[in-house]
Every structure is written in structure tokens, then in C-alpha cells.
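Reader: Got a minute to walk me through this one? Please put it up so we can both look.

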Amino acid sequence: MQRPQEIVLGFLDRGLQVHPDVVSYIAEQDDLSLISVIADTVPPYATVVMMEHIPGFTRERDGMRFLTEAPVDVIYGASSHENNGVDYRDFIHYFRDRYNRLSSILRMRKTYAGAMPIGGIAKNSRYYNMEIVLIGMVMEVRNTVKGHRMAMLEDPTGMINILFNKDRDEFAEAERLIPDEVIAVTGQLSSDGNIFFANSLARPDIPLNNAPFRSKTPGKAVFISDVHVGSDTFLGEAWEKFSAWLHEQPEIGYLLIAGDVVDGIGIYPDQENELTIQNIYGQYAAFGDMLRRLPPHIQIVVSPGNHDAVRAAEPQPALPPQFCENLPDNVIMVENPAVVKLQGVSVLMYHGKSFDDMIGLLPGASYTRVDEVMVEMLKRRHLTCTYGERTPIYASREDRLVIDPIPEIFHTGHVHISGITKYRGVLAINAGTWQSQTAFQKQMNIMPTPARAIIVDLETLEPEVIDFQE
Ligand code: D5M
Ligand code: FE
Ligand code: ZN
């Protein structure tokens, strides 16, 4: 932290007084170079530097990123059991942490190590015609009348329009830009300083030389999700086959379940008409009975999903004890997302609610090819990239939805359709569900692939799919 006096003196040296909010902002950023960036942009008639003089501190979009503007005061309904009184400052900290984490991943590459603050270059004639690197968060992205791609990029010092020329190779990747992802661009400032012409575009991504760890000892793990116990479409017979099969597989030491373990109560309108167990405790008790019938040597890891009895905002807490009373001792409850290690092999478990957002935002993405969407998450190094769509984010000082460190296995669920791929050494798997097609999915034309388990050999990281409905 910089001392407030240094900051005040820094402005006085430039003939300016400074508002205490601005002093705290710079102290918090821990970056004295902001003094000159801000002082350069203060209008000549101003004698006191106010928050609104900080480049990038005026804003229009839905949620807060780095920008401070008085929010709607929520008097009732904003609290969760973990924290009463989340306010807009938490979102600023949240997005600043996201920016810091993802930009440091980009800065580790030589090309992007010298990224400049956007507020320092925008409208500054010193930088015309120079090749410049910027790292920022995408505020919004659109097509221009001429068919080019234009993205508004923001960092903690300011924002600028980036133009991706449709005739250049990188335009293909610019098509896939989505709000709130952090990218690096190289390029030049236009002569009026209003637009930045991109020459290249990079995402944090998984390094090309990523070498996954493999277990030194034999062992296998089973990956499933979306059991939906309590629903009238839960496939009990297929589950019993799975359960019996597990008893014949002594080498399987782990079972990981990535959320939606029960169907829940009041998740969608008229859900009660499709439930065989109408009570949430009853649903978890039945789930507990099922787990008790599995081989007791198997360690079971359960993370929640959007049908489970925890808050929807991500990260979702682990299921609280009152729902776990009937679970056997070999079950570990974790948050969503969570990272667990199996014989040294790390697994990132994430239910996958944000697939609904990603599939809507990414051209060509589909529920039937969820593995491709998992790769898009890995490239962005983020699980819940876009804020303000259908996946709520819990604002806190840390962004725990960043994918860091890189796991060996990335395990998701939610879409009820299986998909497996490998991307730069990371094994991405989605097993599907234990629920047949629901009335809602019929309306949405979603064809599930139920009753499949994915087995991974921890020594080779090779997956195998077993179908229990046949
Ligand atoms: O999600 C089960 C499946 O239904 C999954 O493919 C996502 C899809 N789904 C769920 N909610 C929606 C909405 N609101 N729109 C479109 N598609 C949706 P589950 O979490 O098990 O209900
Ligand atoms: Fe589900
Ligand atoms: Zn779900």
C-alpha cells in the first residue's frame, strides 16, 4: 500500500488538490504511476481531482466491473447465509481480482509482459503509430456496419475501442469474444486516439507445453453428475445396475458427482407434479441410501448444482450438514467449483450452470457438444465468464471461478449430455445424467444421454464410457 501523503503530494506537485476517495483508490491499486495518468486527464478548470476524473470511472453497463457508481440500495434480499450486506464494492473487488489473476497469466508470456495501462495511452499522441500491448476485460462486443468486430476493452485505468479487421486471421477468434473475458491485444492507436487497431488477440489459455501429472500407482475414478434423486424421471433401475457393477470393480477408488444430486424443490414452475419425493430432506435421505449401497471403500466426492439446497450464486457452498445426516462416512462434501486431488491427479469439479450462457453467446456452440464449450472455458481460464446472464456470481474479494492452477481433469455436468475431449493435456469430461428426458427438456428439444459413467484410469488419464441403460 502507498502512503496517502505520497499520493496527495504527487498531485500537489502537479498543482492539483485531490479528493480522499481518489487517494484511497490509488492506495488500494498500489500504483503511483496512476497519479500522472489521472493528472493528465483532469480538465483544466478543475482544481480538485475527483473520482469522476479517473479514466474509465463513468459507465453504462449492467453490473459493476472496475467502475464505481452509486448502486441501487438493496434493503432486503441481498444477503446470503455467509455474508450479510454484499455491496457494489464487493463486485469491484471481485472483477479487479479476476483482472489481476488473468492478466498475470497473460503477462507471463514475453509478448504481453509489457502491457500498458489503457488510461495511459488512450488519446495520448505520444503513442500514435507505436506497436502497443494492452490487457483488458471485454466490456461489450459488436459488429460494425462494415462487418468488422469492435470490442470495448477495460482495465483498472480506462477503456478503449478495439477494432478487429474482418480480413485478418485473428478475426475468427474475435467472433468468439464474450463479455467479461480478459484478453491481450497488440496493435496501434488511431491518429485521433479513439480506436485501437488490433494486430493480434490472445487469451490466457492453457500453455502448449502443459504436461499433466499422472498417478504413480494404479487406480481408477468414476465421474458422474445430475442424479436428480426425487424426480419421476430418475432412472432407478439403471442406477442399480451401476451400483452392482461398482461392486465388481475393486480398482475403482473414487466416485465424483458434479452437482444436481437431487431434483430439489421449487426449482421450476409446477415441479411438484414431477417429483416422487416431495420433501428436500427426503430426497437427500434417499440419495444417502443409494450411496450406502455402494462399496464402502470408494471415496465419494459430492459438489452441488443448481438443483441442490444451497444458494445459486457461484461459488456455491458445500451442502450444509442438515442435508447430509444420512450420507455414509465415505462421502466428502465440497463447494461448486472445487478442486480435489486423487492420487496426485487434480480434478476441477464444476456443475456447469454457465454452459447455458456460453452456449447462447458463442457462435456455433451447442448443448450436444459440451466438450467444445469446456475448451472455451479452459481458453478463457474461467468457469463463469460473463456476468449478468443466467449464472449468478457471489461477489467477494477473490475470484474463485478462475481456472488456476490447471487441473489434469475438468469434470462438469448440468447439460445432461455427455462429452469428452482432451485439450492441451487437460481431460475434459461430462458424463450426462441419471434422469430421462423431462417435459421441460422436451420443450427445449434437449435429448439427454442418461445413465452413463465415465471411468478414468489415473495412471494413463484415459477415459472410458460405460452405458448402464443398455
Ligand atoms: O438442467 C438440465 C438441462 O436443461 C440442461 O441441458 C440445461 C437445460 N436447462 C436448464 N434450465 C434451462 C433454461 N432456463 N433454459 C434453457 N435450458 C435450460 P438442470 O440444471 O438439470 O435443470
Ligand atoms: Fe441437472
Ligand atoms: Zn443443472
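Author: Sure, here's a quick chat about the ligand site and a helix pair.

Author: Keep in mind that this is a predicted model.

Reader: OK, ligand first. How many residues surround ligand 1, and which are the closest?

Author: There are 15 around ligand 1, and the closest are Asn306, His307, Arg390, His414 and Val415.

Reader: What's the mix by class in that shell?

Author: The shell around ligand 1 splits into six polar, five nonpolar and four charged residues.

Reader: And how far is the polar side-chain atom of His414 from an oxygen atom of ligand 1?

Author: That distance is 2.9 Å for His414. Val415 comes in through its backbone: a polar atom there is 2.8 Å from a ligand 1 oxygen. Asp260 uses its side chain, with an N or O atom 3.1 Å from an oxygen of ligand 1.

Reader: How much of ligand 1's accessible area does the protein cover?

Author: It's 84% of the 460 Å² that ligand 1 has on its own.

Reader: Switching topic: at what angle do the axes of α1 and α3 cross?

Author: Roughly 35°, with the axes of α1 (residues 4–13) and α3 (residues 33–41) coming within 10 Å.

Reader: Is the α1 and α3 crossing left-handed or right-handed?

Author: Right-handed.

Reader: Which residues make that contact?

Author: From α1 you have Glu6, Ile7, Gly10 and Phe11, and α3 brings Ile35, Ile38 and Ala39.

Reader: And how do the residues of the α1 and α3 contact divide by class?

Author: Five are nonpolar, one is polar and one is charged.

Technical notes: Residues are numbered from 1 along each chain as its sequence is written. Chains are lettered from A and ligands numbered from 1 in the order in which they are written. This is a predicted model: local features need pLDDT of at least 70, side-chain atom pairs count only at pLDDT 80 or more; totals for chains, interfaces and linings use all residues. Side-chain values use heavy atoms; hydrogens and water are left out. A residue is near a molecule or strand if one of its heavy atoms lies within 4 Å of it. A polar contact is a pair of N or O atoms within 3.5 Å; within protein, one must be able to donate a hydrogen and the other to accept it, and residues adjacent in sequence count only if both atoms are side-chain atoms. Accessible areas come from the Shrake-Rupley method with a 1.4 Å probe; for residues, only the protein chains shown count as cover. Ala, Val, Leu, Ile, Met, Phe, Trp, Tyr, Cys and Pro count as nonpolar, Asp, Glu, Lys and Arg as charged, and the others, Gly among them, as polar. Axes are lines fitted to C-alpha atoms, for helices over the stretch in contact, and angles run from 0 to 180 degrees between N-to-C directions. Helices (H or I, at least four residues) and strands (E, at least two) are DSSP runs, numbered from the N terminus. A crossing is left-handed if the near helix is turned anticlockwise from the far one by less than a right angle, and right-handed if clockwise. Contact means heavy atoms within 4.5 Å.
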